[in-house]
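Welcome, and please have your viewer ready. We will go from one selection to the next and look at what each one shows.

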Amino acid sequence: MGIETHTILPRLLTTRPLADATILEAKKRGVEISTLSFIDTAPIHTAEVIEEIQAALLMSTTVVFTSMNAVESVVEIMQDQQPDWQIYCIGQTTKSLIEKYFGEDSIIGTADNAVALADRIIEDELSDEVIFFCGDQRRPELPDMLFAAGILVTEIVVYETIPVHHKLNESVAGVLFYSPSAVESFFVNNKLDSRTLVFAIGDTTATTIRKFCSNKIILADKPGKEGLAKKAIDILALN
């Protein structure tokens with residue numbers, strides 16, 4: 001009588017929740033995905049911030065969003081208002097939320113990352129002033145580039161990033177990272193086996209990863225967490 005054997009599927013850790021369909025597709029292709037978030041976010045709705053958002057809602061102006069968290073925080077205050085905003089944004093999820101709450105016609109420019117978005121804003125020459133809704137750990141590139149080009153940037157910090165320090169109890173074949181803050185939080189309590197593949201949403205996240213390990217880093221082909229996950233599944237799949 002033969003001995004029954006079970007194939008151990010490669011495990012992929014995502015540090016941000018993925019669509020159920022992506023997780024199911026991975027399993028069909030022989031990859032187990034586990035989810036563990038290493039950061040949390042919370043809207044900042046102090047009286048001062050609410051007043052700043054409400055004042056912006058009454059303006060006809062150019063607005064910049066680089067995260068879905070910023071959009072959601074503003075929408076909570078917006079209620080039924082429809083501001084006269086021209087909006088620049090990055091990220092497919094962020095773009096979809098803006099289309100849902102502000103209308104597709106409100107978006108006048110998109111890009112794959114903050115640097116490219118700053119270039120687009122500068123090249124368009126549509127405004128010499130923008131409002132940037134951002135988080136407390138926003139990257140400096142976009143506002144610095146706009147300022148250097150003579151564009152006034154009014155920053156309204158509408159959400160905060162909170163590190164969550166988990167300890168991994170299992171080895172994984174790959175880890176998906178989507179932000180520098182999640183990388184920093186992950187490595188507080190964890191080290192990676194040298195064979196573990198690391199997948200990064202962009203160059204800034206990859207640069208942060210290199211501060212903590214020398215593992216092979218694979219970048220997303222295009223923005224979006226689902227796209228990065230599918231690339232990882234393609235690489236790790238048994239079939």
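In which loop is Gln79 found? Select Gln79 and follow the chain to either side: the loop runs between α3 (68-78) and β5 (85-90). Keep in mind throughout that this is a predicted model. Gln79 has a phi near 55°, a positive value in a residue other than glycine. Most residues other than glycine have a negative phi, so a positive value deserves a look. With a relative accessibility of 65%, Gln79 counts as exposed.

Now jump to Glu125, in the loop between α5 and β7. Its phi is likewise positive, near 55°, and Glu125 is not a glycine either. Glu125 counts as exposed, because its relative accessibility is 68%.

**The whole chain**

Zoom out for a moment. The secondary structure comes to nine helices and 11 strands. Along the principal axes, the C-alpha atoms fill a box of roughly 75 × 35 × 35 Å. Of the 239 residues in the chain, 43% are buried. Take the contacts between residues at least 6 apart in sequence: 59% of them join residues at least 24 apart.

**Helix α6 and its cover**

Next, select helix α6, residues 141-148. Which of its residues are buried? They are Leu142, Pro143 and Leu146. Look down the axis of α6 and you will see these buried residues within an arc of 95°, so they line one face of the helix. The general rule behind such a pattern is that an α-helix has 3.6 residues a turn, so residues three or four places apart point the same way.

Now show what lies over the buried residues of α6. The cover includes β4 (61-65), α5 (114-124), β7 (129-135) and β8 (152-163). Just past the helix, pick Gly150, which follows α6 and has a positive phi, near 85°.

To see the α5 side of this cover, select Ala118, which is found in helix α5. Ala118 is buried, because its relative accessible area is 0%. Leaving aside residues up to four places away in sequence, Ala118 touches Leu142, Met145 and Leu146. Try a C-alpha to C-alpha distance from Ala118 to Met145: the two are 27 residues apart in sequence and 6.4 Å apart in space.

**Strand β9 and its partners**

Move on to strand β9, residues 174-177. Colour Gly174 and Leu176 one way, and Val175 and Phe177 another: the two pairs lie on opposite sides of the strand, and all four residues are buried. In other words, both faces of β9 are covered. As a general rule, side chains in a regular strand alternate between the two faces of the sheet.

Which strands pair with β9 in the parallel sense? One is β1 (residues 11-14), joined to β9 over three bridges. Look there for Leu13, which stands opposite Val175 in β9. Another is β10, parallel to β9 over four bridges. Here Phe177 stands opposite Ala200 in β10. Now add α7 to the selection: β9, α7 and β10 make a right-handed β-α-β unit.

**Asn190, after α7**

Stay in this region and select Asn190, in the loop between α7 (180-189) and β10 (197-200). Is Asn190 buried or exposed? It counts as buried, because its relative accessibility is 5%. What does its side chain reach? Draw a line from the Asn190 side chain to the backbone oxygen of His166, at 2.9 Å. Then draw another to the backbone oxygen of Phe186, also reached at 2.9 Å. Outside the residues up to four places away in sequence, Asn190 touches Phe38, His166, Lys167 and Leu168.

**Two cysteines to finish**

How many disulfides does a search of the whole structure find? The count is zero. Select Cys89, which is in no disulfide, and then Cys134, whose sulfur is the nearest cysteine sulfur to that of Cys89. The sulfur of Cys134 is 15 Å from that of Cys89, too far for a bond. A disulfide would need the two sulfur atoms within 2.5 Å. Turn on the surface as your last step. Cys89 counts as buried because its relative accessibility is 0%, and Cys134 counts as buried at 2%.

Technical notes. Residues numbered from 1 in each chain as written. Predicted model: local features only at pLDDT ≥ 70, side-chain atom pairs only at ≥ 80, totals over all residues. Heavy atoms only, no water. Buried < 20%, exposed > 50% of the residue type's maximum accessible area, 1.4 Å probe, protein only. Arc of directions from axis to C-beta. Contact = heavy atoms within 4.5 Å. Polar contact = N/O pair within 3.5 Å; in protein donor to acceptor, adjacent residues only side chain to side chain. Pairing = 2+ DSSP bridges. Right-handed = clockwise from strand over helix to strand, strands pointing away.
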